[in-house]
Amino acid sequence: MMGAMNTKARARFAIAVLGGLWLAALAADRWVRPQPGLEIAEVRAGELVRSTVGTLPLEPSLVEVEQRLGDGFEIRYSGWIRIQHAGVYHASIEADRASTVRLDVRRQPFVGANAGDPYPIQAFREFQPGLHSFELRIQHGGSRRATGSARPAVPELRVTWSKGIALAQPVPADAVFPPETSPWQFRLSAWLRMSLVFCSVAIAFAVLALVGGSAIARALGIRLAAVAVGLLVSIGLAEGGLRLLGIEQREYVPGTIWLTYEYPKPNTTTQYVGYLPYLVKEFDVPVHINSRGWRDREFDYAKPPGVYRIVVVGDSYVEGKEVLLEHTFHKRLEARLNEELAHPGLRFEVVALARGGISTDMELRVIQERATRYAPDLVVLAFYAGNDVRGNLPSLESDYNRWANEIYGAKVVPARIACTDALTWSKSSRLNNVLTARLCDLYIAHLHEFRDDLDAEDMISPDGAVFRQPYDTRWREAWRVTGDLIRKSQRASEEMGASFLMLMIHSSQLAGVAGGALASDEQQFDIDKPFEILHGICSDAKIDCLDLRPPLERFAAETGLPYCWRHDAHWNENGHRVTADALFERLSASFSSP
């Protein structure tokens, strides 16, 4: 029968069927879709007096609650808060004393209470997408007014949240739902809304075929349909290809991690995911801190007989929290020395004393106060030109902190968060995940072109000034101080009977700083200048030094593999392996096997 129908008859039939499906999907969505609101229960002496559903701001208001509170009276607000994007949220509930709040009772509960002064109840924790239980109880406050501790009148019970470092915002009314709400309602509603979209598109094509009596109109309809089908097939093939290639879902570094390194307490283990907020999470490494506060295995201060002990002092590149401990360059070096050069009268220990973010001034103190306790035979000072020079002069360090807070923290990070949230429409789609990461990187790289309160210079880290020529007065002073600190580190090592070696760190992080600096055409930049100065300092003081640029760049050229993480920019396992091998080649000439 269908074969006998002409084009317009088939179009009418399709419009009727699709229109019926569209109406059915619309009705089903309205029936299934959860309605926002919180259940408000008024309880007196344990008996339910009234139960209603209210929205945010919470109803009744705090003033109304205070007027109605009496002996044995309680108001309970309960339901779900729906989180759509993973992240660390700071929740604040402005309630009165004698109140309690519970979040996520069925998972990892947070329970807060106001038993004394009426300060907001606050929760600070990471939430995954989904429904999270919420309950706020306000009990009879007793004689709080008589004691003079009543809070000022507040027009409403405020429930606010913030993600990462963004400013606190009221929780939107459409993010809270009554207790009877079920997660399947959201999933089914999403499928129904998607069906509405597909039905609408199909109806449009059918209408075009119905009204398009000419051959040109029909051809246009066919071509549009072909484009739509081709687009859907292409998306499906891309998604399937990414899954077949084993591309994993990309997670993001939490927004509360903000250009800082946390220093865990001794004898603790934490998971390290990076230090730059909302970049793609490239690793998740268990980091154990030993009893003396360092990321290394336990070493006695007393050096055993027959042991050649090397102490490596440095910052995050030595700490190496981006890889497992056994994959750090100092542990690889220790293993290779003992494998190839040790004999019954000689073995090697390599001790790492490192903290992320410290500079040469602090590293000198580590050598003087900590390294000396280990009676080292060799002290290796790891120097990173990307921030060590700046960190050695307080005024430059202050400039960097101001940029990190007022530019990067206040503008760049929120922009990355907003971009990521806006482009993420499916948590399970590999294609969406990959495109979101790449597009957000591109957007942030050109953020100054979209915002009037930023210019190209703002997007360059102040650390880029280490390449700017000629140096201004403060940078000349910073280099003078740096040279003095390096020479003092050498003398402190020799005074304890140890040799001294300076390790010049190189990484894509440093190359990125240089690249950002070179992007500006206002000044002259010389990416080799810091290394020339360091070689000069070492030459004048007769300090043995190892420049890691040649071996790392040679490895990248020969293998085509990266030696740093793409986003975090610290060394990956390749970078640590190349560094260990370079150190081994330098040290092995001093020892011979029996």
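Among contacts in this chain between residues at least 6 apart in sequence, 73% join residues at least 24 apart, where contact means heavy atoms within 4.5 Å. Keep in mind that the model is predicted: local features need pLDDT of at least 70 and side-chain atom pairs count only at pLDDT 80 or more, while totals for chains, interfaces and linings use all residues. Residues are numbered from 1 along each chain as its sequence is written, and side-chain values use heavy atoms, with hydrogens and water left out.

## The overall picture

You'll find 15 helices and 20 strands in the chain. Helices (H or I, at least four residues) and strands (E, at least two) are DSSP runs, numbered from the N terminus. Of the 594 residues, 47% count as buried. Buried means under 20% relative accessible area, exposed means over 50%, and partly exposed is in between, with a 1.4 Å probe and protein chains only. The chain exposes about 29300 Å², and carbon and sulfur atoms supply 57% of that area.

## A cavity and its lining

A search of the whole structure turns up 3 cavities of 30 Å³ or more. On a 1 Å grid over the protein atoms alone, a cavity is a set of points where a 1.4 Å probe fits but cannot get out, and lining residues have an atom within 4 Å of a point. A volume is the space filled by probe spheres set on the points, which are joined across faces, edges and corners.

The second largest cavity holds about 50 Å³ of space. Its lining includes Val253, Tyr275, Phe283, His567 and Asp568. By class, that lining has 7 nonpolar, 2 polar and 2 charged residues. Here Ala, Val, Leu, Ile, Met, Phe, Trp, Tyr, Cys and Pro count as nonpolar, Asp, Glu, Lys and Arg as charged, and the others, Gly among them, as polar.

## Aromatic rings

Phe283 turns up again among the ring pairs, which is a handy link to the next topic. The structure holds 12 aromatic pairs. Rings of Phe, Tyr and Trp (its six-membered ring) pair if their centres lie within 6.5 Å; planes under 30 degrees apart count as stacked, over 60 as edge-to-face and the rest as tilted. Tyr272 and Phe283 make a stacked pair, because their ring centres are 5.8 Å apart and their planes sit at 15°. Tyr272 belongs to strand E12 (residues 268-272) and Phe283 to the loop between E12 and strand E13 (285-289), so the pair ties together parts that are 11 residues apart in sequence. Both Tyr272 and Phe283 are buried.

Tyr301 and Tyr374 go together the other way: with centres 4.9 Å apart and planes at 70°, the pair is edge-to-face. This one links distant parts of the chain, 73 residues apart: Tyr301 is in the loop between E13 and strand E14 (307-314), and Tyr374 is in the loop between helix H7 (360-369) and strand E16 (378-383). Tyr301 counts as partly exposed at 26% relative accessibility, whereas Tyr374, at 3%, counts as buried. Elsewhere, ring pairs link Tyr317, Phe329, Tyr384 and Trp571 into a cluster.

## Backbone oddities

Which peptide bond is cis, with omega near -5°? That's the one from Gln469 to Pro470. Pro470 lies in the loop between strand E17 (468-469) and helix H11 (473-495).

Two residues have a positive phi although neither is a glycine. Here they are side by side:

| Residue | Phi | Loop between | Relative accessible area |
|---|---|---|---|
| Lys542 | about 55° | helix H13 (529-540) and strand E20 (544-547) | 73%, exposed |
| Ala569 | about 75° | helix H14 (549-559) and helix H15 (573-588) | 9%, buried |

## Two residues up close

Val313 sits in strand E14. Is Val313 buried or exposed? At 0% relative accessibility, Val313 counts as buried. Not counting residues up to four places away in sequence, Val313 touches Val318, Leu353, Glu363, Val366, Ile367, Val380, Leu381 and Ala382. Val313 and Ala352 are 39 residues apart in sequence, yet 6.2 Å apart in space, C-alpha to C-alpha.

Leu435 lies in helix H10 (residues 430-445) and, at 43% relative accessibility, counts as partly exposed. The C-alpha atoms of Leu435 and Leu423, 12 residues apart along the chain, are separated by 8.4 Å.

Key: Areas by Shrake-Rupley, 256 points an atom, 1.4 Å probe, with all protein chains shown as cover. 1 Å grid on protein atoms, 1.4 Å probe; cavity = no way out; pocket = protein on both sides within 12 Å on 5 of 7 lines; lining within 4 Å.
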